[in-house]
Amino acid sequence: MNLIIAIKLLVGLVLLVVGAEILVRGAARLAASVGISPLVIGLTIVSYGTSSPEMAVAVQSSLAGQAELALGNVIGSNIFNILVILGLSSLAIPLMVAQQLIRLDVPIMIGVSCLTLFFGLDRTIHRSDGIILLVGGIVYTVFLIYQGSKEPSDPDSEYEVEYGNKSSLSLGQWVQNIAFILLGVGFLVLGSQWLVDSATDIARKIGVSDLIIGLTIVAAGTSLPELATSVVAAIKGERDIAVGNVVGSNIFNILTVLAICAIVSPIGVPVSDAALYFDLPVMVAIAIACLPIFFTGNIIARWEGFLFLSYYIAYTTYLILYTTEHDGLSVFSSVMLFFVIPITALTLLILALNSLREKRQQKK
């Protein structure tokens with residue numbers, strides 16, 4: 001029985017990754033063929049499409065009365081996206097960060113992360129909260145499309161190289177791309193159902209909460225499309241895709257995935273004490289940490305990528321110690337709280353101030 005559950009979990013993850021990939025490809029090619037700019041395709045269809053596994057799992061778990069799994073999936077995916085995906089991508093090659101991300105998208109990511117924490121203070125993200133988040137997601141998407149329409153056409157755009165430019169499609173190509181979209185949606189629905197069912201079975205067998213399973217196994221699994229997209233893009237030198245995909249996906253996870261989850265769930269999304277006092281603040285802190293890291297030279301250096309990965313290992317270690325009620329939990333927490341985190345924060349502050357001073361000197 002355990003083997004069957006493990007196989008079901010693995011197949012569910014594969015279906016999610018494959019479904020997201022063919023859905024993105026089909027939708028991006030159709031959008032390019034009707035004249036939607038590559039930049040808009042990258043910021044919307046690609047970022048949203050790679051987050052479609054989170055959406056499928058969140059809706060499936062909410063309808064099944066397991067909204068805590070959906071919350072853990074969103075929080076865990078946002079943490080995984082930054083610490084692991086950007087960490088691995090920047091280890092492959094230092095990532096350049098566009099000014100738009102620093103001035104607009106990262107502050108928005110920080111803002112919606114803080115808003116999620118605020119909504120969770122009463123221990124529930126209600127349907128009304130979900131509606132507010134969803135409206136914000138619609139406004140953000142419309143703004144991206146408007147901004148993209150004002151961008152000059154660039155034949156060497158990274159998004160255009162990756163997803164194609166405007167060209168007429170034959171009837172056969174239209175049918176093929178529509179079939180990709182429908183097949184991708186089907187894979188996502190089936191994969192999410194199998195993943196949620198198997199993850200729930202695992203949680204019950206080992207006595208772990210839905211939140212922990214969502215924060216770890218499910219979050220890592222549903223983030224595989226972002227991981228593949230960003231790492232491959234970084235290796236190919238398409239650095240805007242690598243960074244923009246992560247930031248866009250994190251914003252989408254909150255403004256759309258969590259929003260729809262809160263709307264469709266009969267009781268909203270319950271927020272446990274563990275999520276409120278630890279996991280949500282970690283998500284907010286990591287989002288805030290992106291600003292000084294991105295700001296220092298508009299680049300994510302390899303050592304910063306290593307720092308990201310180290311913190312994910314520390315975060316996962318804490319979850320394991322907490323779940324198993326290990327005796328070393330208090331010591332580990334004290335070291336992280338009073339030594340590692342303050343030293344890291346001080347280092348990032350000094351680097352940001354030095355970078356700011358250098359930019360002012362260059363202007364003079």
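Helices, taken as DSSP runs of H or I of at least four residues, and strands, taken as E runs of at least two, are numbered from the N terminus. On this basis the chain, which is a predicted model, holds 14 helices and four strands. Buried residues account for 50% of its 364 residues. The accessible surface amounts to about 16,300 Å², and carbon and sulfur atoms contribute 70% of that area. Of the contacts between residues at least 6 apart in sequence, 86% link residues at least 24 apart.

The mean pLDDT of the chain is 79, and 82% of the residues reach at least 70. Among the elements, strand β2 (residues 124-125) has the highest mean pLDDT, at 94, while helix α7 (residues 158-163) has the lowest, at 54. Where pLDDT is low, the predicted coordinates should not be read in detail.

Helix α9 (residues 210-222) departs from a straight geometry. A straight helix of its 13 residues would span 18 Å at 1.5 Å a residue, but the end C-alpha atoms of α9 span only 15 Å. The helix also contains a kink of about 30°, with its centre on T216. Residues L211, I212, I213, G214 and L215 of α9 are buried, as are V218, A219, G221 and T222.

The loop between α9 and α10 (224-235) contains S223. With a relative accessible area of 0%, S223 falls under the 20% cut-off and is therefore buried. The side chain of S223 comes to 2.9 Å from the backbone oxygen of A219, a residue that is itself among the buried positions of α9. When residues up to four places away in sequence are left out, S223 touches E54, S77, F80, N81 and I85.

Helix α10 presents a regular span. Its 12 residues should cover 16 Å at 1.5 Å a residue, and the end C-alpha atoms are indeed 16 Å apart. The buried residues of α10 are P225, E226, L227, T229, S230, A233 and A234. T229, which lies in this helix, has a relative accessible area of 16% and so counts as buried, the limit being 20%. The C-alpha atom of T229 is separated by 7.0 Å from that of A242, a residue 13 places away along the chain. Just after α10, G237 adopts a positive phi of about 85°.

Helix α13 (residues 302-324) likewise follows the expected length. It comprises 23 residues, and the distance from its first C-alpha to its last is 33 Å, close to the 33 Å expected at 1.5 Å a residue. Its buried residues include the aromatic positions F308, Y311, Y312, Y315 and Y318. The others in the buried set of α13 are E304, G305, L307, L309, A314, L319 and L321. Just after α13, E325 has a positive phi of about 55°.

A further positive phi occurs at R123, a residue other than glycine, with a value near 75°. R123 is placed in the loop between α5 (99-119) and β2. Its relative accessibility of 32% lies between the limits of 20% and 50%, so R123 is classed as partly exposed.

Several pairs of residues far apart in sequence relate helix α8 (residues 171-206) to earlier parts of the chain. L183 lies in α8 and is partly exposed, with a relative accessible area of 42%. Its C-alpha atom is 7.5 Å from that of L23, although the two residues are 160 residues apart along the chain. Q173 is also located in α8, and its relative accessibility of 35% makes Q173 partly exposed. The C-alpha atoms of Q173 and G26, 147 residues apart along the chain, are separated by 9.7 Å. S33 belongs to helix α1 (residues 2-33). At 12% relative accessibility, S33 is buried. A distance of 9.5 Å separates the C-alpha atoms of S33 and W174, which are 141 residues apart along the chain.

Key:
Residues are numbered from 1 along each chain as its sequence is written. This is a predicted model: local features need pLDDT of at least 70, side-chain atom pairs count only at pLDDT 80 or more; totals for chains, interfaces and linings use all residues. Side-chain values use heavy atoms; hydrogens and water are left out. Buried means under 20% relative accessible area, exposed over 50%, partly exposed in between (1.4 Å probe, protein chains only). Contact means heavy atoms within 4.5 Å. Accessible areas come from the Shrake-Rupley method with a 1.4 Å probe; for residues, only the protein chains shown count as cover. The expected span of a helix is 1.5 Å times one less than its number of residues. The bend at a residue is the angle between axes fitted to the seven residues ending there and the seven starting there. pLDDT is the predictor's confidence in each residue, from 0 to 100. A polar contact is a pair of N or O atoms within 3.5 Å; within protein, one must be able to donate a hydrogen and the other to accept it, and residues adjacent in sequence count only if both atoms are side-chain atoms.
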